[in-house]
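Subject: Structure handover

Hi,

Here is the structure I promised to pass on. Have a look at it first, and my notes follow underneath.

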Amino acid sequence: MKFPALFGRIAFSTLAALIGAAFALPLLWFLFAPFNARAELGLAIPDPFTLSNFNTVFGNGFAMQALWNSLIQAVGGVILVGAAATLAAYALSRSSIPGKGAVTYILLLFSSVVSGSAAMVPIFLIISAAGLMDTHLAVILTFAGGLLPTAMFILRDFIDSIPKSYEESAMVAGASPVQAFFDVALPVIRPGIVVIVVWSFVNIWGSFLIPFILLRSSANMPAAVAIYSFYSEAGTPVVTLLAAYSLIYSLPVVALYLFVSWRFGFRFFGGIKA
Amino acid sequence: MSNRLRALALGLVGATAMAAPAFAVDLDVTCRCVIGGVNSATAEWIENSVIPAFEAANPGVNVRLNQFGGEDAQLTQQLALDFSTGAGPDVSAFDGFLIPSFVEGGLLKSLDEVAGAEVNDWSGWDALSEGSRALMLYDGKYYGIPLGTDVRMIHTRKDILAEAGIDADTWQPTSWEELLDAARAIKAIKPDSFPLQINAGVAMGEATTMQGYWLLLLGTGESVIDENGKFIVESQGILDTLNLYKTVYVDEKLGDQRAQLLADGRNRSFANFRDGVTALLLEGDYFYRSVTPEGSEFAVANRDEVQGWAKVPAQEPGKGIRGQDFVTISGGTGFVLNPNTDSPAEAWAFLSFMNEPEQLSAFQALQPRITARTDVEIPDSPFLTETSQTLLPLTTARPNDPNYNAVSSEIQRMTEAVVSGELSPEEAMAQYKASVTAIVGADNVVSLL
Amino acid sequence: MTTEPITTEAKKVRNFSLLSNRAGAAFLTPAGLLVSVFVIVPFFWVIFVSFTNRTLLGRTALNPEFVGLANYLALFDPATFFQRGQFGFSLILTTQFVLASALIGQALLGLLLAWLIQTVPPWIKRLTETFVIAAWILPEVVIGFAWFAFLDRDAGTLNMMLNAIGLPSGDFLLDQPFWVIVVFNTWRGAAFSMMLFNSAFSSIPPSYFQAADVAGATSWQKFRDIAVPLIRGHIVTNLILITMWTFNTFTPFLLTNGGPSYRTELVSIYNYRVAFQDFQFGKGAAVGVIMMLINLAFALVYLSIGRKKKAPGT
């Protein structure tokens with residue numbers, strides 16, 4: 001290897017590592033504070049190392065129940081978004097329904113309005129009229145509706161980039177279009193679905209406003225709301241407990257990411273393009 | 001009917017009765033209170049005293065307390081949305097100043113409209129003090145029962161005043177200048193301290209308006225609204241008030257500017273007082289009751305020795321509202337009934353039950369406060385007895401105006417523009433004028449300049 | 001469907017449609033229902049309400065009146081438009097925020113990262129990717145608090161590091177709130193652009209780069225002359241999505257509450273304040289509609305750029 005090329009590779013590696021480190025810095029605090037019984041906002045190595053913060057957090061039944069609620073809502077929403085978006089995106093890509101070209105863009109714009117807080121009122125009224133207030137289903141349906149346009153947009157691009165010859169050859173061999181979808185297309189678009197699954201899980205898992213507006217009883221509240229029970233009477237964070245709970249609350253998304261990237265490889269596979 | 005069948009039938013009746021006793025009624029009560037969290041005493045009182053006693057006296061009624069741990073504004077949102085759709089708790093804690101806008105929005109009904117004429121026969125009405133009665137009153141009708149009222153004063157750190165050579169036990173400023181002089185004396189010996197705290201800015205919300213701006217404005221002889229109900233948008237009083245803010249936070253740095261601007265500023269101001277960084281702090285009796293007691297987050301060490309209080313002076317003696325030398329302002333909270341409750345009679349029974357002297361005394365035992373009822377003693381709290389006797393006769397109430405909330409936000413903005421040094425008092429007032437006019441209309445504002 | 005004559009099937013293939021309209025409609029139904037109820041109905045509600053003076057509290061909650069364009073005119077009132085805490089100020093602030101944090105920050109940093117990790121050793125690639133993606137997927141409450149601790153004036157990690165290299169502490173949230181949220185949003189969202197560009201780069205046939213290597217091209221030349229033109233479509237998609245997300249993002253609220261003095265009040269936060277703190281639904285809805293029109297304008301501009309530049313090449 002010539003010297004300039006080697007030099008270039010070292011420079012590239014150093015730069016990449018530096019950027020990576022810069023991204024890690026704001027999170028560093030979370031690696032230490034949960035294990036420090038006297039943690040404050042400053043960065044400090046726990047001395048002594050302790051799990052007492054976690055013990056206190058595990059003793060908060062409301063907050064523990066909330067993690068389970070988050071899981072119900074996120075998994076429910078993900079299944080609904082994943083299934084509905086896959087079917088719809090496939091139809092938009094492979095059928096000749098009139099106006100399908102514009103529809104995803106228009107929905108994307110609509111959803112940008114609805115994601116603003118102004119639409120919380122009609123959504124509240126719809127859920128209330130349907131008698132779904134204070135249920136997990138209310139949260140699941142609302143998220144599914146709100147996330148679908150973007151999910152369809154991403155997934156449609158992905159399916160468009162897959163050659164039609166896959167399904168065509170299956171159909172030449174006698175498969176029906178629906179069979180071609182399930183047996184041939186679905187396995188090919190799986191990486192795209194994985195991206196949608198992770199993306200919608202992360203969105204639902206972290207969201208505060210929708211559950212806050214649609215739920216009432218503490219038995220149904222997700223972790224994003226329950227985390228506020230680690231604020232003091234005056235509204236200041238109880239740093240030690242907040243850090244410990246935040247770590248527990250973050251683990252599922254990190255685990256999901258690691259699992260998906262190990263099992264499927266978490267990437268877009270050249271899928272998305274306009 | 002055979003015996004076996006009869007037994008089965010009886011068993012079925014018994015089983016349903018077990019699941020839901022005949023005429024069983026479920027009541028939901030909500031307050032911004034969490035045992036061990038925010039307003040813990042209120043939650044403990046309702047959960048451990050009111051509910052057991054009420055259920056014992058009213059068999060068949062099950063009462064459940066929803067402890068709401070979010071912010072005040074979030075509870076307001078939930079209640080407004082719930083009341084507009086017929087959902088929500090049967091009885092809820094409520095801040096008096098929101099009543100006009102809820103009533104005008106059709107979200108609250110007067111108590112007798114909800115629960116019938118027997119409401120007016122309740123013996124407790126006559127026991128309410130004049131001032132507190134107005135807290136839950138709108139257009140001559142009661143919308144709830146007030147639980148308590150409050151007054152505002154200067155909380156002092158006697159140890160720090162003493163260090164600056166001021167006799168803390170007798171210190172009582174009679175003008176703004178004397179207040180500033182005390183702060184300057186402290187600043188002189190402790191250059192890094194921020195002796196004076198007068199709430200300002202957006203982040204503190206209503207605490208800016210009630211604990212800061214109002215207390216100064218009343219001292220100039222003015223109010224937010226004139227006697228005809230019009231909002232005053234230009235006046236010498238507003239300018240003087242803003243100039244005092246400017247002196248404190250911009251010109252002489254007598255106050256902690258950061259605490260007015262940052263999102264968690266109010267807690268920073270409490271911490272300043274706890275740590276002796278601030279010696280003079282304008283707040284309600286709430287500050288003494290809930291913020292600084294032993295064991296709380298902002299507990300002042302050795303409180304009985306070092307924490308005192310003084311009246312808020314008018315700008316000059318005799319220049320305050322109604323010609324007063326000293327001023328204060330009161331707000332208050334209480335409980336209201338859901339206008340769409342399924343069990344109005346039981347809800348009213350619960351509401352009046354919790355406001356009987358017996359239950360209120362139980363509350364006083366948990367946390368002494370200034371009660372709305374004159375026949376309930378404040379036990380063993382010289383501070384509350386003394387301040388309420390001195391200040392209640394001087395007090396003023398917030399205007400009963402549906403637009404007050406929106407105007408209050410503009411007040412917070414105006415003070416923030418001044419304390420951040422971004423606008424001059426004149427410019428900030430001009431902006432206030434434009435914004436308030438846009439909210440209430442040009443017919444409802446008046447200029448005193 | 002299997003009973004359909006072969007000829008129709010063949011014709012469909014010619015029309016590039018693998019799915020009959022009936023099957024297509026069936027596939028679209030679940031998504032269609034959900035989107036209709038939770039996106040389209042609220043969308044028209046918002047449009048309708050934006051022409052009324054509806055509020056949550058007060059007289060106009062019960063009997064909202066049709067006020068025509070009054071909400072829109074109030075938002076664009078020249079007397080107050082540019083004042084801090086008013087719509088115009090927020091709009092300008094948000095435009096700067098989108099330019100700085102989405103277009104320059106996220107897209108450029110994402111592009112740079114995607115290009116860098118093509119060539120670096122695998123372990124650096126894995127590590128860097130993981131941290132960048134962690135910033136993207138962690139819950140926003142957690143992220144908000146992490147940054148709050150990171151930036152704390154007295155004890156925060158950032159100031160600790162600055163002090164360690166001899167620089168003075170900064171009061172970032174108070175003195176530079178705008179740049180704080182710009183850096184924050186770049187940090188938070190760069191992962192998406194990185195992953196998208198990464199996949200785009202790996203879809204380019206390696207032979208293109210090998211040919212360039214033979215010709216002695218530098219990395220920059222390969223990047224500029226081969227990679228970027230080939231992924232133009234991805235760039236357009238990416239810009240549409242991140243612009244829209246950044247334009248609508250609410251997360252900076254957790255860090256600054258829109259303050260101090262409204263200096264970080266993006267339109268989404270302004271919208272929240274109007275609709276949910278002042279409870280003015282009519283005006284809040286008007287803000288939402290204008291935000292959508294701006295998003296539409298952005299999308300059209302990107303699409304036309306993408307199309308124009310792609311045309312000669314293809």
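One definition before anything else: the bend at a residue is the angle between two axes, one fitted to the seven residues ending there and the other to the seven starting there. With that in hand, take helix 8 of chain A, which bends by about 55° at A:Leu186. A proline, A:Pro187, follows within four residues of that point. The end-to-end distance of helix 8 of chain A fits into the same picture: the helix has 30 residues, yet its end C-alpha atoms are only 38 Å apart. A straight helix would reach 44 Å at 1.5 Å a residue. Please keep in mind throughout that this is a predicted model.

Next to that, some notes on A:Tyr166, which sits in helix 7 of chain A. Leaving out residues up to four places away in sequence, A:Tyr166 touches A:Val184, A:Ala185 and A:Val188. Is A:Tyr166 buried or exposed? Neither, quite: A:Tyr166 counts as partly exposed because it has 15 C-beta neighbours inside 10 Å, and that class lies between the cut-offs of 12 or fewer for exposed and 20 or more for buried. A:Phe208 is 42 residues along the chain from A:Tyr166, and their C-alpha atoms are separated by 42 Å.

Chain A as a whole

Chain A has 11 helices and 0 strands. Its C-alpha trace spans about 70 × 70 × 30 Å along the principal axes. Of the 274 residues in chain A, 50% are buried. If you look at contacts in chain A between residues at least 6 apart in sequence, 74% of them join residues at least 24 apart.

The UniProt record (an unreviewed entry) lists "transmembrane region" for residues 68-93, 105-131, 137-159 and 238-260 of chain A. I looked at two of those spans in the model. Residues 137-159 of chain A are 100% helix and 0% strand, with end C-alpha atoms 30 Å apart. Residues 238-260 of chain A come out at 96% helix and 0% strand, and there the end C-alpha atoms are 34 Å apart.

Where chain A meets chain C

How many residues of chain A are in contact with chain C? The count is 87 residues of chain A against 91 residues of chain C. Several elements give two or more residues to the chain A side, including helix 3 (61-94), helix 6 (136-160), helix 8 (177-206) and helix 11 (239-263) of chain A. Helix 1 of chain A gives the most, with 17 residues. By residue class, the side of chain A that touches chain C divides into 58 nonpolar, 20 polar and 9 charged.

Chain C

Chain C is divided into domain 1 (6-48) and domain 2 (79-313), and the C-alpha centres of these two domains of chain C lie 33 Å apart. For this chain, UniProt (again an unreviewed entry) places "transmembrane region" at residues 24-48, 97-118, 130-150, 226-247 and 285-305 of chain C. In the model, residues 130-150 of chain C are 90% helix and 0% strand, with end C-alpha atoms 20 Å apart. For residues 226-247 of chain C the figures are 95% helix, 0% strand and 31 Å.

Two positive phi values

Here is the background: most residues other than glycine have a negative phi. Two residues are worth a look with that in mind. C:Tyr262 has a phi near 65°, a positive value in a residue other than glycine. C:Tyr262 lies in the loop between helix 14 (252-256) and helix 15 (267-277) of chain C, and it is buried, with 24 other C-beta atoms within 10 Å. B:Asn302 has a positive phi too, near 60°, and its place is in the loop between helix 13 (285-291) and helix 14 (303-306) of chain B. B:Asn302 counts as exposed because it has 10 C-beta neighbours inside 10 Å.

One more from chain B

B:Ser92 is in strand 3 (residues 91-95) of chain B. Which residues is B:Ser92 in contact with, leaving aside neighbours within four places in sequence? They are B:Thr30, B:Leu79, B:Phe335, B:Val336 and B:Asn338. B:Ser92 counts as buried, with 23 C-beta neighbours inside 10 Å. From B:Ser92 to B:Ala168 the separation is 76 residues in sequence and 42 Å in space, C-alpha to C-alpha.

Cheers

Terms used
Residues are numbered from 1 along each chain as its sequence is written. Chains are lettered from A and ligands numbered from 1 in the order in which they are written. This is a predicted model: local features need pLDDT of at least 70, side-chain atom pairs count only at pLDDT 80 or more; totals for chains, interfaces and linings use all residues. Domain bounds come from an automatic or database domain assignment. Two residues are in contact if their C-beta atoms, placed from the backbone, lie within 7 Å. Ala, Val, Leu, Ile, Met, Phe, Trp, Tyr, Cys and Pro count as nonpolar, Asp, Glu, Lys and Arg as charged, and the others, Gly among them, as polar. UniProt positions are given in the numbering used here, feature names are shortened, and annotations may be inferred rather than shown by experiment. The expected span of a helix is 1.5 Å times one less than its number of residues.
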